[in-house]
Amino acid sequence: SEQVAEYALRLGDDALILAQRLSHWISRGPEIEEDIALGNIALDQLGHARSFLSYAAKAWGKTEDDLAYWREEEDFRSLHIVEQPNGDFGVTIVRQLIISIYQHLLYTALLDSADPTIAAISAKAVKEVDYHRDHAIAWTLRLGIGTEESARRMRHALEVLWPYVGEMFEDEELHAALGDVAVAPSSLRAAWEEEITAVLKDAELELPTVPFAMARGRRGEHSEHLGFILAEMQVLARKHPGATW
Amino acid sequence: SEQVAEYALRLGDDALILAQRLSHWISRGPEIEEDIALGNIALDQLGHARSFLSYAAKAWGKTEDDLAYWREEEDFRSLHIVEQPNGDFGVTIVRQLIISIYQHLLYTALLDSADPTIAAISAKAVKEVDYHRDHAIAWTLRLGIGTEESARRMRHALEVLWPYVGEMFEDEELHAALGDVAVAPSSLRAAWEEEITAVLKDAELELPTVPFAMARGRRGEHSEHLGFILAEMQVLARKHPGATW
Amino acid sequence: QAGQDRFNAIIAEDSRIEPRDWMPEAYRKTLTRQMSQHAHSEIIGMQPEANWITRAPSLKRKAILMAKVQDEAGHGLYLYSGTETLGTPRDVLNDQLMTGKAKYSSIFNYPARSWADMGAIGWLVDGAAIANQVPLCRASYGPYGRAMVRICKEESFHQRQGFEILLELANGTEAQKKMAQDAINRFYAPSLMMFGPPDSDSPNSGQSTAWKIKRFSNDELRQRFVGMIVEQVKVLGLTLPDPELRFDEESGTWKHMDLDWVEFKAVIAGNGPCNAQRLQRRRDAHNEGAWVREAAAAYAAKMARKTEVA
Amino acid sequence: QAGQDRFNAIIAEDSRIEPRDWMPEAYRKTLTRQMSQHAHSEIIGMQPEANWITRAPSLKRKAILMAKVQDEAGHGLYLYSGTETLGTPRDVLNDQLMTGKAKYSSIFNYPARSWADMGAIGWLVDGAAIANQVPLCRASYGPYGRAMVRICKEESFHQRQGFEILLELANGTEAQKKMAQDAINRFYAPSLMMFGPPDSDSPNSGQSTAWKIKRFSNDELRQRFVGMIVEQVKVLGLTLPDPELRFDEESGTWKHMDLDWVEFKAVIAGNGPCNAQRLQRRRDAHNEGAWVREAAAAYAAKMARKTEVA
């Protein structure tokens, strides 16, 4: 249905924009192992994006590429957190920590989705996201405990990204309308907070106290970053309308 | 004539791409005075670009915006040096030093161009570029002599940019064909070297010894950076073909 | 007491206080806060517009936009100098901005999402700023009033440019027209809120009025502004997103929709869409420029020593 | 002497030298140079392709390209491990790369200017690499030969993917076809030069052949490669930019145009279009990652101490 497609679009857009951001690390990581690790995570996210977007596209008689390359900024449904710049490795790791814990809870809950396709995609995704979470936690510990410099950068990263956490847990009418197909984001909040608090404590870091930003990516109201992301992502495809690759 | 237009295109593209790069500093400078200074320089360069591109465009029955927004990468004629990333403030200053001395010599020589429009644009530009040169020299001295850190960054900036100096002085058939209209870049080389050597000496810096890169921007063979610059610069205009602004 | 008397006399005769004149501490503090907030607003206000410089859709518009953002940097510097005459140096003011202790105009915590926002910001945001600032040209503190004269001149130029952007879009393609209307829809209410809470809810302005810093109430200024844009939007052939907007003959005032003061306060408190981003950009620029400023200072010191020795 | 004899025997019977075996210093040095150059080439070779990941024109192609660049990083790591078995640690090898003391395949100093280059690099550059590497699967040094087996498998997968990109473009719009032909035009000669100078001008390969590291001469390998691409380009319906290309029945060899060995040497010497950029990117990644590596090391040390204490 249209509403299921709208829901799949949200899941797909988050994964797509995150993949786009992460892929920039390939050939730029702090060690080659991280080129591979962040690249793998990006590739997984791209895979999830393709599954969700293909599913959404079918409802509208379109393709995944129609949705990725030919929508305008206001038609994207991504969260502000995935649009945030990579920053240094610490910022990327904190963003990964925030998102991977979230996605892990979300996909776990979606295993029981009344929509079999969403449940099936989530079943595949949850295993991969589990690894993303391990990766983010391991690095959060290393960087939080490692050196004064790395701890300072991690505190900074938490401050920079925390404003965009609030949006992740905001329910929309869509969630209520979809009933058992979807998961209300607010229902993930307590578990998410518990988990990230525990990780940060282990990493000798603290939950930031900075306020949440009004972020309404789900309504197509994006951060100032998304326009630049899309300009780059879509430039080649749009120069060749109707072409196949 | 077509050839004069081709020549104006080269001058215009260098100024346009440099303006695009420099404009990114606005709201990001090391002090607000530099937001203004680099912004002014960018604005001057944009002005020169508009004059040269308008002149070139006339020969082809086009407008400055047709040339800026609707050409493909391989049709641009910019030098690789203006395409280089801003880097830190030191890299931007060294790029400014390299280019402003060059443009000052070039526009001074073009005062005697047999083409009255090129001579007239150069007459306006040379005064502004004179200020750009003063600005670059003043900062080269401050950063070269200032602190160990700033001197280290300046040495790094020189190494990073030097490979793209060679291309600036390469003659093309076009120059010979245009006779007194154009200035053969090679004819500027000795004066440029003398001047920059003197500045670097005053700034307690040395000429780098890194080799020149094969750079053929004048033939439309650009650095890997230009595609990204154009994707951003052209994105909005291209979404609205035929629109006026 | 002599100082206080003289100060009172100057205020009473609508003349000007100058930096060397005696002034009450509260007056100095109020002005320092207001002028530095104004300066910070110019500096932070560069960001939403700088966001579109590299993507401006024509070279002419790119040049105009660059010049405008430059002007804002200039206004910021000018106002920081003015504030310094009251005894607080610029680096202290800048620290207050970066640590979030000082405020700036809340409107700049909204994103500039489309090119049409360059028009809406010019027309509505600069328009509201001008309505606020024109009376300040007669502010009792000399350096402030003089700064305002110069700034207002440039701002009204900017407002015209913003209007022109919208006019061009409004007469353009359907997509352009839609873009323009959307920008107005987003900036209308926030620009009305730039005048501050309704007079009924604005207890602090009495003293500023007595000191002849503030000359009109929030609602008075808002009324003027609404009257102006109601006329101008007709020229654009676009609409203001306010179904309740009408001129009430009886009270002789414009009635407009209720403004969302809860959101307003939340944005001021730091919850706006871009507060974190705006401050972070400022901090990044400052921190990444530290080595440059240090080098410049070290160079100046070395040169000074050289001159001494010679 | 016993070591040397044993070494000679192993080489003679075409068996394999393993890390713990005695080997002549020159053999160790030659292999270290060759294997680390190969590793560096994988790492630097990521860059031209990474350049197009964010702009890949379909999600499927984006995924394939990302996976390919990942594989290259994996090959790099695998080859660095192999090189480490010869006694030189990875950070030393990496330093040699960053300071320009070590070389890497010169082809990666050319820019990847269009999407079609993803095809041409896969088809021609990986194709040439495979032609070079397949015989290395039987290299006398065990870890090298085994690494080559694995790498060649993945490389031939990459080559097919590159060919597919070109095939899709060649059957696409006029603009796509032009893009494909242009990429082939740019990568044809440099890929032929990947086999090194003509045998007549390649004095160093005698010892490598005796040691059974190298099995075929530069020209022999080049011939094989040319024979292969001549056939494949027909499938694409495109052309190789070589008017002199023909099979000479008399000598039984392919005749091709003269290659520009002056440019080849200039690129190796550091004058290529992208040498500076490639090395700088590597150095930047390394330097910007220093704090991360330091933190990881400090963390590991802290954890080790904790375990000791416990």
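Helix 10 of chain A shows a bend of about 40 degrees at A:Met233. The model is predicted. The helix covers residues 226-239, 14 residues in total, and its first and last C-alpha atoms are 19 Å apart, close to the 20 Å expected at 1.5 Å a residue.

Most of helix 10 of chain A is covered, with 10 of its 14 residues buried. A:Met233, the site of the bend, is one of the buried residues, which also include A:Leu226, A:Ile229, A:Leu230, A:Ala231 and Val235 of chain A. The partners against which the buried residues pack belong to three chains: helix 1 (2-23), helix 3 (64-70) and helix 4 (80-83) of chain A, helix 10 (226-239) of chain B, and helix 3 (59-84) and helix 7 (174-193) of chain D.

Chain A superposes on chain B with an RMSD of 0.0 Å after a turn of 180 degrees and a shift of 0.0 Å along the axis. This is the relation of a two-fold axis. A:Ala231, a buried residue of helix 10, is the residue of chain A that comes closest to the rotation axis, its C-alpha lying at 3.1 Å. The copies meet through the same surface, because 100% of the interface residues of chain A are also interface residues in chain B.

In chain C, C:Asp126 is part of helix 6 (residues 116-133). Its relative accessibility is 5%, so C:Asp126 counts as buried, the cut-off being under 20%. The side chain of C:Asp126 forms a polar contact of 2.6 Å with that of C:Lys68. Apart from neighbours within four places in sequence, the residues in contact with C:Asp126 are C:Lys68, C:Ile121, C:Glu155, C:His158 and C:Gln159.

Notes:
Residues numbered from 1 in each chain as written. Chains lettered and ligands numbered in written order. Predicted model: local features only at pLDDT ≥ 70, side-chain atom pairs only at ≥ 80, totals over all residues. Heavy atoms only, no water. Helix = DSSP H or I, 4+ residues; strand = E, 2+ residues; numbered from the N terminus. Expected span 1.5 Å × (residues − 1). Bend = angle between axes of the 7 residues up to and from the residue. Buried < 20%, exposed > 50% of the residue type's maximum accessible area, 1.4 Å probe, protein only. Contact = heavy atoms within 4.5 Å. Least-squares fit on C-alpha atoms with pLDDT ≥ 70 in both. Polar contact = N/O pair within 3.5 Å; in protein donor to acceptor, adjacent residues only side chain to side chain.
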